[in-house]
Amino acid sequence: MKAVVLAGGYATRLWPITKDRPKMFLPIGDHTVIDEIFADLEADDRIDEVFVSTNERFAGEFETYLAETAFEKPTLSVEDTTDESEKFGVVGALAQLVDREGIDEDLVVVAGDNLISFDIAEFVDFFADAGEPALAAYDVGSREKAKSYGLV
């Protein structure tokens, strides 16, 4: 199984703090959001490679990060965009990554800017038991709150 960490957004709602760095590199205590995601994916033996899908604008930062990290599974995959207006949307970016990398096996897809409060391995177990596509979403408890976070 492969994993994809979607990290191609421009986080324009968080500018200026994310104008020149990806949102997933924001600090969470002694580490970053993406460190937590990579740790979960690295620990799961069913996942043999993790593609980090980012844009051309932030590719250099991800190259540096991956060269300096102890994580072994991540591989950078760069989509051909430099601005929010050029984005393909999540489904488009994922489809292009699958084509670009020649992926023809099961995928676990993780949004790289999400703090996940569950073990990704448990979700992969759920997927394996279900034998069909599965989606995890967090219920924030109110439709109005949900609108401020985006759409599922």
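**A guided tour from a salt-bridge network to the sheet and its core**

Begin by selecting Lys-2, Asp-48, Glu-49 and Glu-105, which are joined in a network of salt bridges. The model on display is a predicted one. A search of the entire structure returns 6 salt bridges.

Within the network, isolate Lys-2 and Glu-105, whose side chains meet at 3.9 Å, N to O. Lys-2 belongs to strand S1 and Glu-105 to the loop between helix H3 (89-101) and S6, so this salt bridge ties together parts that are 103 residues apart in sequence. With a relative accessibility of 13%, Lys-2 counts as buried, while Glu-105, at 38%, counts as partly exposed.

Next, select Asp-44, Arg-46 and Asp-125. Arg-46 forms a salt bridge with Asp-44, where the closest N and O atoms are 2.8 Å apart. Arg-46 also forms a salt bridge with Asp-125, with the closest N and O atoms 2.6 Å apart. The pair of Arg-46 and Asp-125 links distant parts of the chain, since Arg-46 sits in the loop between H1 and S4 and Asp-125 in helix H4, 79 residues away. As for accessibility, Asp-44 is buried at 7%, Arg-46 is partly exposed at 34%, and Asp-125 is partly exposed at 35%.

**The sheet**

Now display the strands. An open sheet is formed by 4 strands in the order S5-S4-S1-S6, with parallel pairing. S5 and S6 are at the edges; each has a single partner strand, so one side of each is left without a neighbour in the sheet. On average, neighbouring strands are turned by 25° against each other, direction ignored.

Zoom in on S4 and S5, which pair in the parallel sense over 6 bridges. The residue to pick here is Ser-77, the bridge partner of Ser-53. Ser-77 is located in strand S5 (residues 74-79) and counts as buried, at 1% relative accessibility. Beyond its neighbours within four places in sequence, Ser-77 has contacts that include Phe-51, Val-52, Thr-54, Leu-97 and Arg-100.

**The helices on the sheet**

Select H2 together with S4 and S5: the helix lies across both strands and runs at about 175° to S5. Its buried residues are Ala-59, Phe-62, Tyr-65 and Leu-66. They cover an arc of only 125° around the axis, which puts them on the same side of H2. These buried residues of H2 pack against H1, S4 and S5. Rotate the view to find the exposed residues Ala-67 and Glu-68 on the face of H2 turned away from its buried side.

**The nonpolar cores**

Finally, turn to the largest nonpolar core, which has 26 residues; Ile-34, Phe-38, Leu-41, Phe-62 and Val-108 touch the most other members. Elements that give two or more residues to this core include strand S1 (2-6), helix H1 (33-43), strand S4 (49-55) and helix H2 (59-68). H1 gives the most, with 5 residues.

Centre the view on Phe-38. Leaving aside neighbours within four places in sequence, Phe-38 is in contact with Val-5, Val-50, Val-52, Tyr-65, Leu-66, Phe-71 and Pro-74. The last selection is another core, apart from the largest one, with 5 residues, among them Val-4, Leu-6, Leu-97 and Ile-103.

Definitions and conventions. Residues are numbered from 1 along each chain as its sequence is written. This is a predicted model: local features need pLDDT of at least 70, side-chain atom pairs count only at pLDDT 80 or more; totals for chains, interfaces and linings use all residues. Side-chain values use heavy atoms; hydrogens and water are left out. A nonpolar core is a set of buried Ala, Val, Leu, Ile, Met, Phe, Trp, Tyr and Cys residues joined through side-chain atoms within 4.5 Å. Buried means under 20% relative accessible area, exposed over 50%, partly exposed in between (1.4 Å probe, protein chains only). Contact means heavy atoms within 4.5 Å. Two strands pair if DSSP finds at least two bridges between them. Axes are lines fitted to C-alpha atoms, for helices over the stretch in contact, and angles run from 0 to 180 degrees between N-to-C directions. The arc is that of the directions from the helix axis to the C-beta atoms. A salt bridge is a side-chain nitrogen of Lys or Arg within 4 Å of a carboxyl oxygen of Asp or Glu.
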